[in-house]
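Colleague: I've got a two-chain model open and I'd like to talk through how its parts pack. Can you take a few questions?

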Amino acid sequence: MAVTLTPSTAPVTPARPVRDRQHRGVSRWVVLALVTLGALVMLVPFAFMLLNAFKSPGDYSSGGPLSWPTEFYTKGLRTYWTEVNFPLKFWNSALIAGSVAVLGVAVSLLNAYALGIGRVRGRLWIVGLFLLANMLPQEALIYPLYYVAKQVGLYNTQLSVIIIFTVIQSAFGTYLLASVMSTFPRSLLEAASLDGAGKWTVLWRVVFPNLRPTLAVLLIFFFIWTWNEFLIPLVMLIDNQTQTIPVALASLQGDRLMDAPTTNAGALISLVPAILFFLIFQRTLARGITAGAEK
Amino acid sequence: MAVSDTVAATPPAATPTPPAPSRRRRGRTAAYWLYLLPGAVLFLLVIGAPLVGTLYLSLTKWSGIGDPRWVGLDNYQHLLHDDVFWASFRNTIWMLVAMVVVPTVLGLLLAAVLFDVIGRRFKPRTAAALRAAFYLPQVLPVVVAGIVWGWILRPDGAFNSLLDAVGLGALRHDWLGDPGTALPAVMGVMIWVQIGYPVVVFMAALQRVDPELYEAAEVDGANWLHRFRAITLPQIRPETFVVALTCTIAALKVFGPIFALTRGGPDNATNVPSYFAYYTFFKKLQVGYGSAISMVLTLIIVVVAGIFIWMQARSERRDRGF
């Protein structure tokens, strides 16, 4: 699974324009043309998706994938929307990803407080252990989890997936936050405890406010990563009532129920939330990263 | 739910005041263990115990019903002679090429060109827009990407129509259905999926490089390639490590795209350990054997990650010593 780590979206601004005496000629235009061509190639599949999401099946079979649609056909979109019960799948995905993001950040914060600020004994090994959990292939956990979930009645519930991913994501969060907290200014902590603040108060009144930008970034990462997860939801959520968007789309495709326009319509609808998150969150991401850099 | 309860229930840490300062110091550290408690319990339940469970199951023969039968190392011995297992690992090497080597090298070049040439000689917006185009596939859930590409590469899909349109109709092919072309086709899709990640990370890294380094080099008459090798590459080495490590682990674990594109077919041409384990668990119901595959994959990932981290630490030490 591709980990999207730091999509900083601050505009690329060179500190100072540099006059280049040697490369003023045509070569920069050649470079621009080549890179633009590469970027266009990247966008071609999206163009195909858009083009074919609005075609009728008849239109598709007579004109093929490259033809311009002869009418603005939205039944493919509507078929997918109702067939898959997209609003329900969206709610499932949002519920799971949202809960995991909040709970994962909370667990990461507590773990990292003990490791990064409390500096408990053997913290390096503990951090290493947590990091391992993030690198493990999920196949190495899935069967026992699946079996136990069936025994305790959590199989095919969103809660099972929420618990599992809270732990998997907070493994990464613990690693990241512990290293951030290990550089936390000790003077601030000492001042607070001189004022008589206990550890719980220090965590919420001193550490938490200072780390808020980093926590926001972590929250978004957890949300997006969980949203896109596939294997564990595929195994745990077998029911139309509980499935997430990727699982629903993949199981439909397996049934070969969908014609090409509906496939594209489904992909297009499934893509929209991801792009929206990206647009909504990119400012927070950029801010969080800058805040991290100023440290 | 359980988590928030635990969080709320964690009492405000009492501050005991024992007389000796050294004992007080130890007492303070000990109090922090309370904060590790919820995370540790969850970790043991969701990661630790299942991992031990899979290790145990890998030493048994079990269909998922009834009692597992202890067989010792039989599953591992069987793995050594299983052609599908070896095929899946050979394919993993190709996945490393498609998900680590090509994206990192291309990503480095693209990031350097976008930052150094486009960003400085055209408007910054141009560079930002181009970067967004390369990053867009990363936003797409991989399964959605797999389904769209699966359709594009179908015999009646967009790629073949495109070949027709440019007069190369003779090359029409069932790209994912032919064992000879399925793996290269999957690799192509993975490059498309992965490329944006290194581009974005490397461009962010370049922003923290002192521009005066480049200016000085330019005044000294260094051409672009010189500057790339002497400044860009060494300056962003930490990020290169992170990208290479995360992409390597992702490549070793790859599952979603294979599931959506080919389900390991045709004829295991695109099978990978992750999908092979899933298939063995849930389709063939050979839980013991599937567990053995997972444990081998786990071991490989741990060893590879260990090597990476060791190399990174060594290179950092060398830099400091220099």
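Colleague: How many residue pairs are in polar contact across the interface of chain A and chain B?

Modeller: Bear in mind that this is a predicted model, and that both residues of a pair need pLDDT 80 or more to count here. Salt bridges don't come into it, with a count of 0 between chain A and chain B. For polar contacts, the rule finds 11 residue pairs.

Colleague: Which helix of chain A gives the most to the side that touches chain B?

Modeller: The contact takes 98 residues from chain A and 106 residues from chain B. On the chain A side, 16 residues come from one helix, covering residues 27–53. That's helix α1 of chain A.

Colleague: What area do chain A and chain B bury between them?

Modeller: Start with what lines the contact: the side of chain A that touches chain B has 70 nonpolar, 19 polar and 9 charged residues. Carbon and sulfur atoms hold 76% of the area buried between chain A and chain B. The total for the two chains is about 9,400 Å².

Colleague: Now inside chain A. Which residues of domain 1 lose the most area to domain 2?

Modeller: The domain assignment splits chain A into domain 1 (27–73) and domain 2 (85–294), with their C-alpha centres 34 Å apart. The contact takes 11 residues from domain 1 of chain A and 8 residues from domain 2 of chain A. The area buried between these domains is about 690 Å², with 82% from carbon and sulfur atoms. Together giving 57% of what the domain 1 side buries, the residues you're after are M49(A), A53(A) and Y60(A).

Colleague: And which element gives the most to that side of domain 1 of chain A?

Modeller: Polar pairing is absent there: the count is 0 salt bridges, and the rule finds 0 residue pairs in polar contact. Elements giving two or more residues to the domain 1 side are α1 and α2 (57–63) of chain A. With 6 residues, the one that gives the most is α1(A).

Colleague: Chain B next. How many residue pairs are in polar contact between domain 1 and domain 2 of chain B?

Modeller: In chain B, domain 1 is assigned as 39–75 + 286–321 and domain 2 as 87–284. Here 19 residues of domain 1 of chain B are in contact with 17 residues of domain 2 of chain B. The rule finds 0 salt bridges across that interface. Counting pairs with both residues at pLDDT 80 or more, the polar contacts come to 2 residue pairs.

Colleague: What share of the area buried between those two domains of chain B is on carbon and sulfur atoms?

Modeller: The centres of domain 1 and domain 2 of chain B are 28 Å apart, taken over C-alpha atoms. The two domains bury about 1,700 Å² between them. On the domain 1 side, the contact residues are 12 nonpolar, 6 polar and 1 charged. The carbon and sulfur share of the buried area is 77%.

Colleague: One last thing: how far apart are the end C-alpha atoms of residues 202–227 of chain A?

Modeller: The UniProt record, an unreviewed entry, annotates several spans of chain A as "transmembrane region", including 202–227 and 265–281. In the model, residues 265–281 of chain A are 100% helix, with end C-alpha atoms 25 Å apart. Residues 202–227 of chain A are 100% helix and 0% strand, and their end C-alpha atoms are separated by 33 Å.

Conventions:
Residues are numbered from 1 along each chain as its sequence is written. Chains are lettered from A and ligands numbered from 1 in the order in which they are written. This is a predicted model: local features need pLDDT of at least 70, side-chain atom pairs count only at pLDDT 80 or more; totals for chains, interfaces and linings use all residues. Side-chain values use heavy atoms; hydrogens and water are left out. Domain bounds come from an automatic or database domain assignment. Contact means heavy atoms within 4.5 Å. Buried area is the accessible area (1.4 Å probe) that two parts lose on being put together, summed over both. A salt bridge is a side-chain nitrogen of Lys or Arg within 4 Å of a carboxyl oxygen of Asp or Glu. A polar contact is a pair of N or O atoms within 3.5 Å; within protein, one must be able to donate a hydrogen and the other to accept it, and residues adjacent in sequence count only if both atoms are side-chain atoms. Ala, Val, Leu, Ile, Met, Phe, Trp, Tyr, Cys and Pro count as nonpolar, Asp, Glu, Lys and Arg as charged, and the others, Gly among them, as polar. Helices (H or I, at least four residues) and strands (E, at least two) are DSSP runs, numbered from the N terminus. UniProt positions are given in the numbering used here, feature names are shortened, and annotations may be inferred rather than shown by experiment.
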